[in-house]
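This text walks through one protein chain, from its overall layout to single residues. Keep the structure in view while reading.

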Amino acid sequence: MSDINIREAAIEDVDSLLVLEQGIIDSERPYDRFLKENNVTYYDFPELISDADSYLMVVESNDRIVGSGYAQARVSRPCHVHDQHCYLGFIYLEPEFRGRGLGASIVEDLKQWGLNRGLSHFHLNVYSDNKSAIRAYEKA
C-alpha cells in the first residue's frame with residue numbers, strides 16, 4: 001500500500017470531499033427513507049477544516065482522495081461520566097479501496113487525534129441495518 005497517504009484535509013480538498021460525501025449519502029440511502037431525493041449534504045467542510053476542535057482527514061491514492069473521516073471534540077451530555085468525548089464521522093472509503101485495512105487505519109488516525117487531545121471516550125453513529133459498517137467498526 002505504498003501508494004496510500006493519510007493526511008489532514010486542506011481547503012483545496014473541498015471539491016473532492018463533496019464527491020465523497022455523495023458516496024456516503026448514496027450508501028446510506030437504503031437505511032434512511034427520509035433522506036431528500038436531491039441536494040443532500042451533511043457536512044460543512046470549510047468549517048470542519050478550520051475548526052480547532054475538529055480534525056478532518058483524507059486518504060489519498062496516487063494523489064486522488066479516496067477516503068475520509070473526521071474527529072471532533074464535543075461536550076458530553078450531563079448524564080455521562082465524562083465531560084467531553086470524541087465524535088467520529090464521515091468515515092468513508094471508495095468501494096474499490098475497501099477490504100485492505102484502510103478503514104481501520106482511518107479509525108486509528110482519528111482515535112489518535114482524540115487521545116492526543118486527552119479524550120478517552122469515542123462515539124459514532126451507524127445505521128443498525130448497515131451490517132458491513134458495523135463489522136468494519138467492530139474490526140477497528
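**A walk through the chain**

Eight bridges join strands β2 and β3, and these two strands run antiparallel. The model shown here is a predicted one. Within this pair, Y55 stands opposite A71 of β3. The two strands form a hairpin with two residues between them, and N62, in the turn, has a positive phi of about 50 degrees.

On its other pairing, β2 is joined to β1 in the antiparallel sense, over five bridges. Two facing positions can be picked out here: I6 has V59 of β2 as its bridge partner, and N5 stands opposite E60 of β2. Strands of a sheet pair through backbone hydrogen bonds, in either a parallel or an antiparallel way.

These strands belong to an open sheet of five strands, with the order β1-β2-β3-β4-β5 and mixed pairing. Its edge strands are β1 and β5, each of which pairs on one side only.

How many residues of β2 are buried? Eight of the eight are, so the strand is largely enclosed by the rest of the structure. In a regular strand, side chains alternate between the two faces of the sheet. Both faces of β2 are covered. On one side the buried residues are S54, L56, V58 and E60; on the other they are Y55, M57, V59 and S61.

S61 can serve as an example from this strand, since its place is in β2 and it counts as buried because its relative accessibility is 5%, below the cut-off of 20%. Leaving out residues up to four places away in sequence, S61 touches D3, I4, V66 and F97.

A second example comes from the neighbouring topic of β3, the strand in which A73 lies. A73 has a relative accessible area of 12% and is therefore buried. Residues up to four places away in sequence aside, A73 touches D53, H85, W113, R117 and L119. A73 and Q112 are 39 residues apart in sequence, and their C-alpha atoms are 12 Å apart in space.

The helices come next, beginning with α3. This helix covers residues 102–116, 15 residues in total. From first C-alpha to last, α3 reaches 21 Å, close to the 21 Å expected at 1.5 Å a residue. Which residues of α3 are buried? They are L102, I106, V107, L110, W113 and G114. These buried residues cover an arc of only 150 degrees around the axis, which puts them on the same side of α3. An α-helix has 3.6 residues a turn, so residues three or four places apart point the same way.

What do the buried residues of α3 pack against? Their partners are the strands β1 (4–8), β2 (54–61), β3 (64–75), β4 (84–93) and β5 (122–123), together with the helix α4 (131–139). Just after α3, G118 takes a positive phi of about 85 degrees.

Helix α1 spans residues 14–28 and also has 15 residues. It reaches 21 Å from its first C-alpha to its last, close to the 21 Å expected at 1.5 Å a residue. The buried residues of α1 are V14, L17, L20, E21, G23, I24, I25 and E28. Their cover includes α2 (45–50), β2, β3 and β4.

With these parts in place, the chain can be taken as a whole. It has four helices and five strands. Read from the N terminus on, the elements run β-α-α-β-β-β-α-β-α.

The chain has a radius of gyration of 15 Å. A compact globule of 140 residues would have one near 14 Å, so the value for this chain agrees. Along its principal axes, the C-alpha trace spans about 40 × 35 × 30 Å.

Of the 140 residues in the chain, 39% are buried. Among contacts with a separation of 6 or more, 59% are between residues 24 or more positions apart. The chain exposes about 8,400 Å², and carbon and sulfur atoms supply 47% of that area.

How values were computed: Residues are numbered from 1 along each chain as its sequence is written. This is a predicted model: local features need pLDDT of at least 70, side-chain atom pairs count only at pLDDT 80 or more; totals for chains, interfaces and linings use all residues. Side-chain values use heavy atoms; hydrogens and water are left out. The expected span of a helix is 1.5 Å times one less than its number of residues. Buried means under 20% relative accessible area, exposed over 50%, partly exposed in between (1.4 Å probe, protein chains only). The arc is that of the directions from the helix axis to the C-beta atoms. Contact means heavy atoms within 4.5 Å. The radius of gyration is taken over C-alpha atoms; the globule rule is 2.2 Å times the number of residues to the power 0.38. Accessible areas come from the Shrake-Rupley method with a 1.4 Å probe; for residues, only the protein chains shown count as cover. Two strands pair if DSSP finds at least two bridges between them.
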